[in-house]
Each structure stands twice: as C-alpha cells, then as structure tokens.
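Here is a short set of exercises to work through with the model open in your viewer. Try each task before you read its solution.

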Amino acid sequence: FVKWVKKYYRRWQGDPLDFERDPFVEEMMLAIGNPWFNDLTCEKAAQVGWTEYIIAYMAFCSSTIKIPVGFGVERAAKLGDIVGPRVQRAFDNISPIQQIRQATQKQTGRKDIDAKTRVLTVGAVPITFFYTGIETTKKKKDAAAGDQREVSSTLASFVANTVIGDEYDAWAKGAQQTAIERTSSSTLPTIPLRWGSTPGGETGLVASAVKKSKYLFEWQVKCSKCEKFQPLYPLGSLLLPVMVVDEEGQEDERYIDETGRALKWFCHDDSSLEARIKTAYIGCRHCGAEIRQKEIQAIAKGGTGHYRCSNTQVKLTDLHDQSVKTKTPYAIAIRMPRLASPRFIASARIRACVESDNPIDALQQGLGLSVSIAGGGISPKRLMDCVGLPVPKMEGAETLTVMGVDQGQRQHWGIVVKWHIPEGKDRKERWRNAFKEIITYRKIYRFEGIVALAKEFDVD
C-alpha cells in the first residue's frame, strides 16, 4: 500500500502525498494499509491529514485490491464537501484508476457511476458514501410514518469489504454497528475497519476505544538531555498538571480549570502570563528539557521518533511485520501527534487554549484531546452542607435568574436558579465567585407548564 501511494496516488490538486510533511506519515500509512490490523481507531486533531490518507486507502482498495468500500461521515452536507471536490478530483489524477475507467468505458460504452455523491465505481467496484445523522425534518416525517430507525437510510442498502468512518465520535447512536453489518457477506480473511475522529468528551466513542485498546500506539521520542523515551502527547509534553485541593481536602490532578482553559505549561519565562505564552515549548516529561524537531523526526530521517505501544512497548513496525507473517488479526488504536508537525507552534496553540472563547474546542480540535468541562463532581456532603445557607451580602452584585428543563415524554423536570454575580472586570473571576441560589426544582407537565414556570419566577 505504501509503495502504491508513493508511486500512483495524487491528491485533488494533482500533487503526490507529501511523506516529508510530518514524521509519522509513513508509519501511519503502513498501519492503515495493513489488512491484519482489522480494527484501527485513530484519535487525531483537526487538519492533520487523516482525510487524505483514507482517500488514498479508498483508491488503493478499489483499483488494486478491487474490493467494495463503505465510507461514512456524520453529516449529509459533508458528503458534498468530500466526494466531488476531494475524492472525484483525486481519482481523476490517479493513473491506475483512469486506466481502469477507460477500459470499462471502451468495453461497456458507459462511464463509471456517480449517483449524486452516493456511489463511485472503479471498474464496477463500488465505493458507497453514507452519512449517519438524519436531518430534523426527515426524522419527524419518518417518526410520523412509523420509521423508528436511529440512523440514516443511506446505511441500509450496500455491501462493503472494508468500512471507513470519518469523525465517527459524532455519529448517530448505533450507526457504527450498522456500518459494520454491511460487511457481513465478505469472504475475506479480515474485514479492515478504519475509524478516525477528533475526540469529544472523555466518554465518547474514540476516547473509549483508545482506553480499551490493548495496543495504543503513540509517537515516542527520546529526550537529548536525560535520554529517556516518552510519548509525544499534549498532556505531559506541552500542558503540565496542577494539584488542586477541593472543598473536602481531596487532591486532584488537573490540566485545565473549570472553564476549560490550560492551567500550566512548559515555558522558559514565567514572569507574566504573556511571557509564559510567548515562551511556551514542547518539553520532556521527565527532566523538563525542550524537545526539539531533530528529536521528533522519524528514526529513518535521523531523529528518534517512532510509533510504539504505550501498553506493551512493541513497535508498530514490529507488530506490522508479525501480523503479516503469522496472518494474525489485531485491533489497534493510534494517535496522530499534532505536536510532531514541523508547523506546530507551541506559543500559538497555548494562546488559543488560554484566550479562546471556546477553550474546549481549542483542546479537542487543536490538540486532539478528549476533554470536557466536568459537571457532575459535586459530592452529597457538599450538597447537604449547602442546604438552607443564607445568600451572602454582596455589594453591587447583579442577579440573573435562569431556568433549565430536562424534557421527557410524559413530564419534564425544571429547575430555577438565581445567580448573584459580584462586581468586577474579570468575567472568569466573577463567574467563579458567583453565588447560586436554587429557587425551585419540580415536575412540569406540557409545554404550557414550562412557560408558566418561567413567568412565575420572572426568569431572565
């Protein structure tokens, strides 16, 4: 597969895939193209090349292995962004595919099929594109007609010998299993499944798969100062942990605060926040020395970087060779390291994590971290201690009455909370120091009851 990509694959712009762009590309492609890695989950940041890699994989499977492919995304509109502008244009630039298409047209008198971004064929080998979410209007119509399917009907009528899932952490409930069932008629020794996604929260599909995997491959590098190998991962290589003591005296290790912003990171100058941001760097999790690009570069290019399993310590290349030699299938997880890219600028990424209006998105999309702002960590003791407490006197405080509703089929639950927000210029500090007074918590019937509750307590 890797040899084929280097020789034949051309991107939608017409240029070959750049194996020099990031140090991990060749080993990543080796894993994607190994059929004995029958279940591969990739945890990644945004804009790291995953889509390009799987388009190359689709091209190889359809033109060389000649097996049907299923390719799924989370939204219907995304198919239009990928199939025509990316996949079709790339296929137009790949000589083996064009040779097959020309031979097919000469023999049958017709071109390959393109059914409105639904199906492409390469010499009668289909690539079926599907989305897993259902549009709101369509979902309502289907429900009225008695259709209770959880996922899109585009998943219902195709067969594939390999399935690719893009951004599958956002897929509709049950869609991943439904996609796998489309491979049930395959007679191949393995059914390669390729799942790639920017992670959501800690309990999302990709985060769960990574935690459960026996083989978790991370880009490992060697520190030039202490000579210790370590995974190049944002938590520990860029962001640093801070020990926080909660109200009950329990210590907890945290990398982000309650608003989702980074607490601490490697920096050369900690005299001020701006200095900390400007001097941020990728550091050794053992001695704190700066990890430079010459260490991050792949071993084949003179560096120390390579994929190694964090659980078993086996190298990716060794497991690859072993699986092919023994014809043994393996399920693996692999992280695409944003920090390994020569274009990664630590100070710019830290600034985004600290100053962004959406810090969680900056961590998930920008660094590929599966994080969320914790919301369920209040202990029963803390709750009981709060019962009946008077509202403290706060000079110049603003009040804001908010209401939340948990919608149910027969009834709803509503809660009304009054926020007492102290004066100040720092929005984060005002939010942290606000006093929350629970006014009422009750059952609500019908939507009219929701409106009535809001009016009763003059909800803002």
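**Exercise 1. The cavity**

Task: In this predicted model, work out how the residues of the lining of the largest cavity divide into nonpolar, polar and charged.

Solution: Begin with the count, which comes to one cavity of 30 Å³ or more. Next, take its space: about 110 Å³ lies in the largest cavity. Then collect the lining, which has 15 residues, with Tyr 233, Pro 234, Arg 335, Met 336 and Pro 337 closest to the centre. Finally, sort the lining by class: nine residues are nonpolar, one is polar and five are charged.

**Exercise 2. A pocket**

Task: Find which residues lie nearest the centre of the second largest pocket, and which helices each supply at least two residues of its lining.

Solution: Start with the volume; the second largest pocket holds about 720 Å³ of space. Its lining is made by 32 residues, and those nearest the centre are Gln 47, Val 48, Gly 49, Thr 51 and Arg 86. Now look at the helices: at least two lining residues come from each of helix 3 (50–65), helix 4 (76–92) and helix 14. To finish, split the lining by class into 11 nonpolar, eight polar and 13 charged residues.

**Exercise 3. Two helices**

Task: Decide how helix 13 is oriented relative to helix 14: roughly parallel or roughly antiparallel?

Solution: Two numbers are useful here, since packed helices are described by the angle and the distance between their axes. For helix 13 (residues 346–355) and helix 14 (residues 359–367), the axes come within 7 Å and cross at roughly 150 degrees. Angles over 145 degrees count as roughly antiparallel, so helix 13 is roughly antiparallel to helix 14. Now list the residues that touch: helix 13 offers Arg 349, Ala 352 and Cys 353, while helix 14 offers Pro 359, Ala 362, Leu 363, Gly 366 and Leu 367. By class, this contact has six nonpolar residues, one polar and one charged.

**Exercise 4. A sheet and its helix**

Task: Which strands stand at the edges of the open sheet, and which helix packs on the sheet?

Solution: First write down the strand order, 13-14-15, for this open sheet of three strands with antiparallel pairing. Strand 13 (398–406) and strand 15 (435–444) each have a single partner strand, so they stand at the edges, with one side of each lacking a neighbour in the sheet. From one strand to the next, the twist averages 15 degrees.

Next, follow the pairing of strand 13 with strand 14, which is antiparallel over nine bridges. Here Thr 401 has Lys 418 of strand 14 as its bridge partner, and a hairpin of five residues joins the two strands. Strand 14 (residues 412–421) also pairs with strand 15 in the antiparallel sense, over nine bridges. Trp 413 stands opposite Lys 443 of strand 15.

Last, add the helix: helix 17 (residues 446–456) packs on the sheet and touches strand 13, strand 14 and strand 15. The direction of helix 17 makes about 150 degrees with that of strand 15.

Methods
Residues numbered from 1 in each chain as written. Predicted model: local features only at pLDDT ≥ 70, side-chain atom pairs only at ≥ 80, totals over all residues. Heavy atoms only, no water. Axes fitted to C-alpha atoms, helices over the stretch in contact; angles between N-to-C directions. Helix = DSSP H or I, 4+ residues; strand = E, 2+ residues; numbered from the N terminus. Parallel < 35°, antiparallel > 145°, perpendicular 65-115°, else oblique. Nonpolar A, V, L, I, M, F, W, Y, C, P; charged D, E, K, R; others polar. Pairing = 2+ DSSP bridges. Contact = heavy atoms within 4.5 Å. 1 Å grid on protein atoms, 1.4 Å probe; cavity = no way out; pocket = protein on both sides within 12 Å on 5 of 7 lines; lining within 4 Å. Points joined across faces, edges and corners; volume = space filled by probe spheres on them.
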